[in-house]
Amino acid sequence: MIERLLSARSRSIDSSGIRKVFDLGTKMVDPINLSIGQPDFPVSEAMKEAAIAAIRENKNGYTVTQGIPQLLAAVRQRLAHDFGDGWSTTNQDLSAVITSGTSGGILLALMSILDPGDEFISPDPYFVMYPQVGKLLSAHCVLCDTYPDFRMTAARVEPLLTERTKAVLLNSPSNPCGTVLTSKEIADLVQLCERRGVLLISDEIYDEFCFSDARENGLCPSPGRVSNNCLVIRGFGKTHGCTGWRLGYAAGPTPLIQEMAKLQQSTFVCAPSPLQWGVVPSFQEDLTSVLEEYEGRRQMVLDAFSGVANVTRPGGAFYAFVEVPQKLNLTAAHFVEQAIAKRVLIIPGSVFSHRDTHFRLSFAASRAKLSEGLGILRELMSK
Ligand SMILES: Cc1ncc(COP(=O)(O)O)c(C=O)c1O
């Protein structure tokens with residue numbers, strides 16, 4: 001009976017291809033899991049202590065919808081550091097809201113601006129959630145093909161804009177490719193969006209994982225540095241190892257943030273309260289050694305595929321998007337099946353794209369496992 005009651009909206013959502021590989025991984029004996037989209041280091045002691053202390057001090061009830069003032073102040077300080085004083089609390093034209101994960105921020109943002117039939121632009125390859133949110137809101141997620149270099153430039157976006165376009169979703173560093181746009185590429189996108197009256201939404205969940213060669217003046221390029229009209233969405237899960245805490249934040253023009261907070265009140269209510277306290281110390285943490293470790297693993301990946309397969313050098317995050325060598329004459333899905341038969345879990349590109357020519361490899365795995373997995377993949381490619 002229940003099946004008959006399920007909405008067309010719900011039925012239109014595919015169960016994520018990532019989840020299928022994840023389930024396979026839990027059933028396999030000793031898998032080499034290079035499919036994981038979360039960091040392989042623990043939450044810092046300072047953050048754990050702050051969360052535990054909050055629970056012990058009975059800070060377990062609802063918080064105000066927008067988030068606890070202490071965390072909001074830390075967020076604004078961080079934004080002012082990254083983007084300039086315009087983003088500090090003194091500028092009332094800009095605001096921030098603490099969200100239930102970065103996903104919560106993306107959903108609230110798109111719910112705030114999209115009516116049925118409206119359009120938003122997403123890169124292809126994309127983070128799996130983007131087109132799904134389009135379906136949830138009966139809006140069109142228009143894909144911007146970024147092959148073969150995976151750069152969502154203004155020149156590629158402009159021809160896709162129509163009268164119904166409300167937003168452009170930018171993800172840099174990106175999932176699944178690790179692409180980091182330059183500040184010039186970002187400034188061009190900002191200019192295009194402002195000229196056409198479209199909101200630029202910048203999903204910066206991997207902001208801290210921007211490798212040294214992609215940083216500019218020590219920072220990850222972001223539209224926040226050149227525009228007060230964009231919406232910046234960031235998270236704590238990937239960069240601080242606490243994906244299950246479900247915490248992120250969105251910052252941008254005050255009227256939009258107010259709208260998002262209003263929708264949060266009627267949906268998530270507030271982000272998990274003791275964990276909001278838990279992430280306050282995250283802004284003091286030095287992630288240099290983690291970043292160096294990921295940079296080292298990126299080199300392992302590039303070395304392993306050198307001369308065997310095309311891989312665009314990732315500028316950040318912890319993923320590489322690897323092309324299945326054409327001489328194998330295989331779809332990525334078939335190649336992934338072969339890899340899984342050899343215990344190596346990776347994700348076919350079709351989960352992130354309309355094409356099925358690449359696979360996503362996560363290097364958030366120990367060097368020993370990564371090296372073993374890379375050896376097997378290289379061997380499969382050299383057949
Ligand atoms: C680009 C991107 N945005 C958003 C998210 C969702 O993050 P969260 O767990 O904070 O909701 C992910 C998670 O994989 C991601 O890769």
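Reader: In what order do the strands form the open sheet?

Author: Happy to walk through this predicted model with you. To read a sheet, follow the partners from one edge to the other. Here 7 strands line up as β2-β8-β7-β6-β5-β3-β4, with mixed pairing.

Reader: Why is one side of β2 and of β4 left without a neighbour in the sheet?

Author: Both stand at the edges: β2 (94-99) and β4 (140-145) have a single partner strand each, so one side of each lacks a neighbour. From one strand to the next, the twist averages 20 degrees.

Reader: How many bridges join β5 to β6, and which way do these strands run?

Author: Strand β5 (residues 165-171) and strand β6 (residues 199-203) run parallel and are joined by 5 bridges. For a landmark, look for Leu-170, which has Ser-202 of β6 opposite.

Reader: Which helices should I look for on the sheet?

Author: One is helix α9 (residues 183-196), which packs on the sheet where it touches β5 and β6, its direction making about 145 degrees with that of β6. Another, helix α7 (residues 129-136), lies across β3 (119-124), β4 and β5 and runs at about 155 degrees to β4.

Reader: At what angle do the axes of α6 and α11 cross?

Author: Helix α6 (residues 101-113) and helix α11 (residues 254-265) cross at roughly 110 degrees, their axes coming within 9 Å. Angles of 65 to 115 degrees count as roughly perpendicular, and α6 and α11 are therefore roughly perpendicular to each other.

Reader: Which residues meet there?

Author: From α6 come Leu-108, Ala-109, Met-111 and Ser-112, meeting Leu-256, Glu-259, Met-260, Leu-263 and Gln-264 of α11. Sorted by class, this contact of α6 with α11 has 6 nonpolar, 2 polar and 1 charged residues.

Key:
Residues numbered from 1 in each chain as written. Predicted model: local features only at pLDDT ≥ 70, side-chain atom pairs only at ≥ 80, totals over all residues. Pairing = 2+ DSSP bridges. Helix = DSSP H or I, 4+ residues; strand = E, 2+ residues; numbered from the N terminus. Axes fitted to C-alpha atoms, helices over the stretch in contact; angles between N-to-C directions. Contact = placed C-beta atoms within 7 Å. Parallel < 35°, antiparallel > 145°, perpendicular 65-115°, else oblique. Nonpolar A, V, L, I, M, F, W, Y, C, P; charged D, E, K, R; others polar.
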